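Here are some short exercises to work through with the model open in your viewer. Try each task before you read its solution.

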Amino acid sequence: MAYENILCESADGIATVTVNRPDKLNALNKATIQELDQCFSSLKDDTSARVVVLRGSGEKAFVAGADINELANMTASEAEILASGGQRLMDRIENLGKPVVAAIGGFALGGGCELAMACTFRYAADNARLGLPETGLGLIPGFGGTQRLSRLVGRGRALELVLTGGMISAAEAAEMGLVNKVFTNEELMPAVMKVAAGLAGKSTLTLRVALQAVNEGLTMNLGGGCRLEAALFGVCGSSEDAKEGCAAFLAKRKPEFTDR
Ligand code: COA
């Protein structure tokens with residue numbers, strides 16, 4: 001499928017999605033959000049895409065936010081529709097059923113930070129600057145940022161970032177758990193692709209179930225989450241891939257998973 005604002009390439013089980021508006025620091029206008037939504041929708045059922053890498057085009061930004069040109073004069077219902085559309089995309093990414101790794105170089109602000117937070121995990125270049133600057137525009141985050149940030153880093157730090165609108169460095173983001181690891185700019189993509197290749201070699205069934213256990217479990221209390229885990233352990237434990245994985249370990253050979 002041809003897109004105007006994003007690129008989507010696939011090789012060796014890894015789909016790489018690039019937000020491609022570098023002259024606008026990859027800002028998410030409505031058209032880009034729609035294209036990302038279509039792209040992730042088709043990646044969900046694309047068995048050749050076992051893992052997804054999400055990045056921004058150019059050196060300066062992952063994504064510098066929602067497109068401020070489209071935020072300038074909204075009615076209440078237009079603003080709500082915009083937020084709902086952004087949230088639908090974030091939910092789609094979070095619940096894709098396969099890992100989505102964010103590779104953050106440069107600015108990840110507002111909707112860009114929210115996009116990164118919807119990913120399964122985040123690796124950043126040491127030049128990354130993250131934040132939710134919406135209060136400076138008289139707005140609040142609307143693509144799930146107030147909810148996902150507090151779940152990732154805790155209420156106090158989330159409120160500090162949301163209310164002040166301040167930017168933090170990659171190192172600060174890593175320290176608080178907003179990004180998982182920091183690399184030099186040159187090391188970032190090779191490191192991301194290496195981890196993605198490792199994930200692509202695993203059983204898609206196992207990864208899907210692991211994602212479900214963590215994501216769905218977080219919406220439950222501990223007891224309910226553990227019961228869900230036991231049920232999902234049953235799904236994995238009886239799978240052909242569990243038989244193959246354990247047999248391969250015992251035979252001291254590499255497993256050959258069939259995603260069943
Ligand atoms: N929406 C629309 N356009 C954006 C944008 C956004 N979120 N972020 C950057 N751009 C555009 C700029 O308007 C500029 O376009 P122009 O060349 O046509 O004037 C271009 O991208 C380059 O940005 P510029 O501001 O010149 O780069 P900089 O290096 O001086 O500053 C930032 C970088 C990220 C600090 C600055 O662009 C910025 O503050 N962006 C907005 C961040 C934000 O508030 N995001 C949340 C939105 S809800």
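**Exercise 1. The ligand and its contacts**

Keep in mind that this is a predicted model. Find the atom in the side chain of Lys-60 that makes a polar contact with the ligand, and then look for backbone contacts.

Solution. Start at Lys-60: an N or O atom of its side chain is 2.7 Å from an oxygen atom of the ligand. A pair of N or O atoms counts as a polar contact within 3.5 Å, and the Lys-60 pair, at 2.7 Å, meets that cut-off. Next, turn to the backbone. Ala-64 places a backbone N or O atom 3.0 Å from a nitrogen atom of the ligand, and Ile-68 does likewise at 2.9 Å. How much of the ligand does the protein bury? Taken alone, the ligand exposes 860 Å², and the protein buries 61% of that area.

Now step back to the whole shell. The ligand is surrounded by 17 residues, and the closest are Lys-24, Lys-60, Ala-64, Ala-66 and Ile-68. Sorted by class, the shell has ten nonpolar, five charged and two polar residues.

**Exercise 2. The six-stranded sheet**

Trace the order of the strands in the open sheet of six, and identify its edges.

Solution. Walking across the sheet gives β1-β2-β3-β5-β7-β10, with mixed pairing. The edge strands are β1 (6-11) and β10 (181-183), each of which pairs on one side only. From one strand to the next, the twist averages 20°.

Now take two pairs in turn. β1 and β2 (residues 14-19) run antiparallel and are joined by six bridges. Within this pair, Leu-7 has Thr-18 in β2 as its bridge partner. The two strands form a hairpin with two residues between them, and Asp-12 in the turn has a positive phi of about 55°. By contrast, β3 (residues 51-56) and β5 (residues 100-104) pair in the parallel sense, over four bridges. Look here for Arg-55, which stands opposite Ala-103 in β5.

**Exercise 3. The four-stranded sheet**

Do the same for the open sheet of four strands, and explain what its edge strands lack.

Solution. The order is β4-β6-β8-β9, again with mixed pairing. β4 (61-63) and β9 (167-169) are at the edges with a single partner strand each, so one side of each has no neighbour in the sheet. The twist averages 20° from one strand to the next. To check one pair, take β4 and β6 (residues 107-109): they run parallel and are joined by two bridges. Ala-61 stands opposite Phe-107 in β6.

**Exercise 4. A salt bridge between helices**

Locate the salt bridge between Asp-37 and Arg-92, and work out which parts it ties together.

Solution. Side chains of opposite charge can pair when their charged atoms come close. In the Asp-37 and Arg-92 salt bridge, the closest N and O atoms are 2.9 Å apart. Asp-37 belongs to helix α1 (residues 30-44) and Arg-92 to helix α2 (residues 76-94), so the pair ties together parts that are 55 residues apart in sequence. How many salt bridges does a search of the whole structure find? The search finds eight.

Definitions and conventions: Residues are numbered from 1 along each chain as its sequence is written. This is a predicted model: local features need pLDDT of at least 70, side-chain atom pairs count only at pLDDT 80 or more; totals for chains, interfaces and linings use all residues. Side-chain values use heavy atoms; hydrogens and water are left out. A residue is near a molecule or strand if one of its heavy atoms lies within 4 Å of it. A polar contact is a pair of N or O atoms within 3.5 Å; within protein, one must be able to donate a hydrogen and the other to accept it, and residues adjacent in sequence count only if both atoms are side-chain atoms. Accessible areas come from the Shrake-Rupley method with a 1.4 Å probe; for residues, only the protein chains shown count as cover. Ala, Val, Leu, Ile, Met, Phe, Trp, Tyr, Cys and Pro count as nonpolar, Asp, Glu, Lys and Arg as charged, and the others, Gly among them, as polar. Two strands pair if DSSP finds at least two bridges between them. Axes are lines fitted to C-alpha atoms, for helices over the stretch in contact, and angles run from 0 to 180 degrees between N-to-C directions. A salt bridge is a side-chain nitrogen of Lys or Arg within 4 Å of a carboxyl oxygen of Asp or Glu.
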